[in-house]
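The following account leads a reader new to this structure through its helices, its cores and its charged pairs. It is written to be read alongside the sequence and the model.

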Amino acid sequence: MLEVGIHEPDKLVQVAHALSTRSRVDILRLLNTRSMNVIELAEALQLPVSTVANNVKVLEAAKLINTELLPAVRGAMKVCSRNYDDILISLNSSVRSTKDGMKFYEVEMPIGHYSDCEVHPTCGMATHEGMLVREDEPASFYHPKHVAAQIIWFRKGYVEYLLPLEIPQNASVQSIELSMEMCSEAPNYDNDWPSDISVWVNGVEIGMWTSPGDFGDRRGLLNPAWWLDWTTQYGLLKTWRIDHERTTLDMQKVSDVTLKDLQLNQRPSLRLRIGVHPDAVHKGGVNLFGKQFGDHAQDIIMRVTYTQEEAE
């Protein structure tokens, strides 16, 4: 699979340009099952050979296809084959540099895009337009439409996300920050409803935060008009940070877990789990807020700070 994002703007423009016409998309479709030469492609598409040849050059420049000159009855013929079965274009990630030479990579993961879950009632989810699934039915959390969720709640269990870790192979990670809006989950709401919410990274519990309640004393700043006044309204924005020395929550140390404990090497992604530990003292559930609910216009944000050795 080819992955390209806004942190590689030149490559993204080149790939997007290669996919911008129907004829080039049709060429990729024809190459789905076998290699074909330019003349065969022109005949299948009912286009001039010169037109197909120019389109092949664009696809080749974007590295979407590979071409090879093979002997033919008269001279040589250019045979085309496709390089990728899938193309992933990411518009939510970016790589930037700080004044001190550090670089950071940032990605925002919609709260509905979890890859695994285990939840127990009370539970449910909604979009900005309305309820997404029937309340208190854990099996509905596996329905494909969960990706559209803008608020998720459950009393027990967890949700887990795979966050892409698109940094260079020679990068040395200095810190990872994870930011999200969340609170407890009570029937309707209860500002005095503590819940011990834990966060795991790559299977390691980095720390626990005791949410003081499920907040509903006022409307969330971003909540849609249809959302009822007597239910959960907003959460608190919490930021976890793991570096080489410790893990902090809102700049206060919460554990001795370090980057070394997370075994980041050779991992194309970071596995983030949010939930209530079975042995927690306060099993008060979790509410997670997307960018269209609560007080903060964001989903789950991961920021990775790293250094990179210059090539010799």
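A salt bridge is counted here when a side-chain nitrogen of Lys or Arg lies within 4 Å of a carboxyl oxygen of Asp or Glu. The model to which this rule is applied is a predicted one. In general terms, side chains of opposite charge can pair when their charged atoms come close. By this rule the structure contains 13 salt bridges.

One of these salt bridges joins Arg29 to Asp26, with 3.5 Å between the closest N and O atoms. The two residues both belong to helix α2, which covers residues 22-30, and they stand three residues apart, about one turn of the helix. Asp26 counts as buried because its relative accessibility is 11%, and the cut-off for that class is under 20%. The pairing also forms part of a network of salt bridges that links Arg22, Asp26 and Arg29.

Helix α2 offers a convenient place from which to view its surroundings. Its buried residues are Ser23, Arg24, Asp26, Ile27, Leu28 and Leu30. The elements that cover them include α1 (9-18), β2 (36-37), α3, α4, β3 (65-71) and β4. The packing of α2 with α4 takes place at an angle of about 75°, and the two axes are 10 Å apart; the two helices are therefore roughly perpendicular to each other. In this packing, Ser23, Arg24, Ile27 and Leu28 of α2 meet Val52, Asn55, Val56, Val58 and Leu59 of α4.

Helix α4, formed by residues 49-61, also packs with helix α3, formed by residues 38-45, at an angle of about 115° and with 9 Å between the axes. That angle makes α3 roughly perpendicular to α4. The crossing of α3 past α4 is right-handed. From α3, the residues Val38, Leu41 and Ala42 meet Val49, Val52, Ala53 and Val56 of α4.

Strand β4, made up of residues 76-82, contains Cys80. Is Cys80 buried or exposed? Cys80 counts as buried because its relative accessibility is 0%. When neighbours within four places in sequence are left aside, the contacts of Cys80 are Leu31, Ser35, Met36, Val38, Leu41, Val56, Ile65, Asn66 and Thr67. Between Cys80 and Thr67, which are 13 residues apart along the chain, the C-alpha atoms are separated by 4.5 Å.

Attention now turns to the nonpolar cores. The largest of them has 49 residues, and those with the most contacts inside it are Tyr161, Ile176, Leu178, Ile274 and Met302. Strand β10, residues 171-183, gives the most to this core, contributing six residues. Apart from this core lies another, of 19 residues, which includes Leu28, Met36, Val38 and Leu45. Which residues does Leu178 touch, not counting residues up to four places away in sequence? They are Leu163, Val201, Lys238, Thr239, Trp240, Ile242, Leu272, Ile301 and Met302.

Salt bridges also connect distant parts of the chain. The side chains of Glu108 and Lys291 meet in one such pair, at 3.6 Å from N to O. Glu108 belongs to strand β7 (residues 103-109), whereas Lys291 lies in the loop between β17 (286-289) and β18 (300-308), and 183 residues separate the two. Glu108 is buried, since its relative accessible area is 19%, whereas Lys291, at 37% relative accessibility, counts as partly exposed.

A further salt bridge is formed by Glu160 and Arg271, whose closest N and O atoms are 3.6 Å apart. Glu160 is in strand β9 (residues 151-164) and Arg271 in strand β16 (residues 269-276), so the pair ties together parts of the chain that are 111 residues apart in sequence. Glu160 counts as buried because its relative accessibility is 6%. Arg271, with a relative accessible area of 29%, is partly exposed.

The last residue to consider is Thr231, located in the loop between β12 (204-211) and β13 (236-242). Although it is a loop residue, Thr231 counts as buried because its relative accessibility is 16%. Not counting residues up to four places away in sequence, Thr231 touches Asn188, Tyr189 and Gly216.

Key
Residues numbered from 1 in each chain as written. Predicted model: local features only at pLDDT ≥ 70, side-chain atom pairs only at ≥ 80, totals over all residues. Heavy atoms only, no water. Core = buried A, V, L, I, M, F, W, Y, C linked by side-chain atoms within 4.5 Å. Buried < 20%, exposed > 50% of the residue type's maximum accessible area, 1.4 Å probe, protein only. Helix = DSSP H or I, 4+ residues; strand = E, 2+ residues; numbered from the N terminus. Contact = heavy atoms within 4.5 Å. Axes fitted to C-alpha atoms, helices over the stretch in contact; angles between N-to-C directions. Parallel < 35°, antiparallel > 145°, perpendicular 65-115°, else oblique. Left-handed = near helix turned anticlockwise from the far one by under 90°.
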